[in-house]
Amino acid sequence: MPEAVQHCERALAEARASGDRRLILQVAAALGQALTGAARYTQALPLLDEIIAGRRRGTGRTDPLTAFTIVCRACVLGDRGEFDAAEAAFADALQCVVGDEHEIGSTVHGWHAAVLLWRGHWQRAQAAAAESARIARGTRSLAQYAIAEAIGGFAQWRLSGSAAAVARIEQATAWVAPREAGLYRSFNHGWLAEALFALGRRDEARRAAAQALRRARRSDWLGVAMGRRALALDALQRGRLGEAQRHVAAAYAAARLRESAHELAQTQCTEAQLLQAAGRGADADRLLADALASFERMDMRWHAAQARALRAGDARDQRGVSISSTGDPVGRSVPASNSPDSSASSTPTPMP
């Protein structure tokens with residue numbers, strides 16, 4: 001990813017020197033996408049906005065460049081916790097897609113599903129992932145199908161806690177492993193780390209977390225904070241408080257690098273558990289109050305319920321099975337996908 005940014009920066013300088021407006025927009029789009037992938041959001045947003053402003057929507061044909069540029073902007077907004085603005089951007093991206101014949105449709109729904117996972121809207125994430133997988137099957141895109149299956153599996157696990165849901169993530173990750181496909185593989189490893197720890201498969205969970213951390217060497221930061229939090233809770237359970245604190249500090253660093261409001265709030269909840277274990281209940285309560293306020297501001301209802309349960313000393317596990325809220329809002333959001341079925345099938349359909 002750093003190499004991609006450097007190449008695009010040089011190419012953009014040359015394109016601007018040429019004065020070719022169309023070429024400038026194409027290269028600027030590539031740079032904006034590369035900067036987004038490397039979590040360099042402050043640099044990415046002005047470029048993304050420049051491209052979007054220079055492109056027309058509603059032309060009656062699919063425009064993959066504009067659609068993906070808007071998706072990148074939506075992901076930046078979502079990572080920063082501006083979820084309502086992200087929802088509007090995903091709806092805008094769909095205006096650039098006509099029919100189901102192009103892979104970009106799968107991309108739009110897939111990234112929407114990923115952002116819904118950040119927000120804790122599990123059922124809507126399932127529906128968006130199912131739509132992404134449906135389109136990916138039609139376009140025969142294994143990489144897109146695999147990430148949609150992984151997203152669907154994680155959402156299913158959050159809702160049910162079933163081992164079958166975790167198996168979906170493992171299978172989807174295995175599909176693309178031999179090809180080294182997928183720019184954001186750390187997502188899969190972070191999801192697996194959380195779920196495998198909760199299932200008691202701790203050696204496998206630690207390996208998944210380590211794989212998420214290794215992806216940071218390629219500027220793939222999306223699963224790093226998740227992996228660090230999982231390692232912190234594992235260390236805490238093994239009585240290694242100092243090790244757990246180091247992982248929490250690293251999770252904070254990854255979240256701040258991404259300017260990720262939702263990751264920061266979740267890491268506060270993890271740190272609070274360490275403080276509770278150290279007998280520092282008042283400090284833990286202050287952190288949880290801050291996290292709860294952030295979750296409520298971002299409409300992260302499932303996470304807010306978890307924070308309240310931690311304050312009450314009643315959180316049962318990472319899935320929050322004891323919490324009644326599913327995190328899915330009622331009647332206030334843009335539809336997750338063209339499919340109204342929020343109880344999408346949990347059984348993956350093999351690629352044709």
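This is a short tour of selected salt bridges and one helix in a predicted model.

**Start with the charged pairs**

Side chains of opposite charge can pair when their charged atoms come close. Counting side-chain nitrogens of Lys or Arg within 4 Å of a carboxyl oxygen of Asp or Glu, the model holds 29 salt bridges. Three pairs and a network follow.

**Stop 1: R73 and D49**

Select R73 and D49. Their closest N and O atoms are 2.6 Å apart, a salt bridge. Now colour the helices. R73 sits in α4, residues 64-79, and D49 in α3, residues 41-53. The two residues are 24 apart, so this pair links distant parts of the chain. Switch on the surface. R73 is partly exposed, at 26% relative accessible area. D49 is partly exposed too, at 34%.

**Stop 2: D79 and R258**

Stay on α4 and select D79, then add R258. This salt bridge has its closest N and O atoms 2.8 Å apart. D79 belongs to helix α4, while R258 lies in the loop between α13 (241-257) and α14 (261-277). The partners are 179 residues apart, another link between distant parts of the chain. Are D79 and R258 buried or exposed? Both are buried.

**Stop 3: E87 and R124**

Move to E87 and R124. Here the closest N and O atoms of the salt bridge are 3.3 Å apart. E87 is in α5 (residues 83-94) and R124 in α7 (residues 122-139), so the bridge ties together parts 37 residues apart in sequence. E87 and R124 are each buried.

**Stop 4: a network**

Select R202, D203, R206, D234, R238, R240 and E243 together. Salt bridges with shared partners join these residues into one network.

**Stop 5: helix α13**

Select residues 241-257, which form α13. Put a distance marker between the C-alpha atoms at its ends: they are 24 Å apart. The helix has 17 residues, and at 1.5 Å a residue the expected span is also 24 Å, so the two values agree.

Which residues of α13 are buried? They are A244, H247, V248, A250, A251, Y252, A254 and A255. An α-helix has 3.6 residues a turn, so residues three or four places apart point the same way. Look for that pattern as you turn the helix.

Next, show the neighbours. The cover over the buried residues of α13 includes α12 (224-237), α14 and α15 (281-297).

Finish just past the helix, at E259. This residue follows α13 and has a positive phi, near 55°.

Technical notes: Residues numbered from 1 in each chain as written. Predicted model: local features only at pLDDT ≥ 70, side-chain atom pairs only at ≥ 80, totals over all residues. Heavy atoms only, no water. Helix = DSSP H or I, 4+ residues; strand = E, 2+ residues; numbered from the N terminus. Buried < 20%, exposed > 50% of the residue type's maximum accessible area, 1.4 Å probe, protein only. Expected span 1.5 Å × (residues − 1). Contact = heavy atoms within 4.5 Å.
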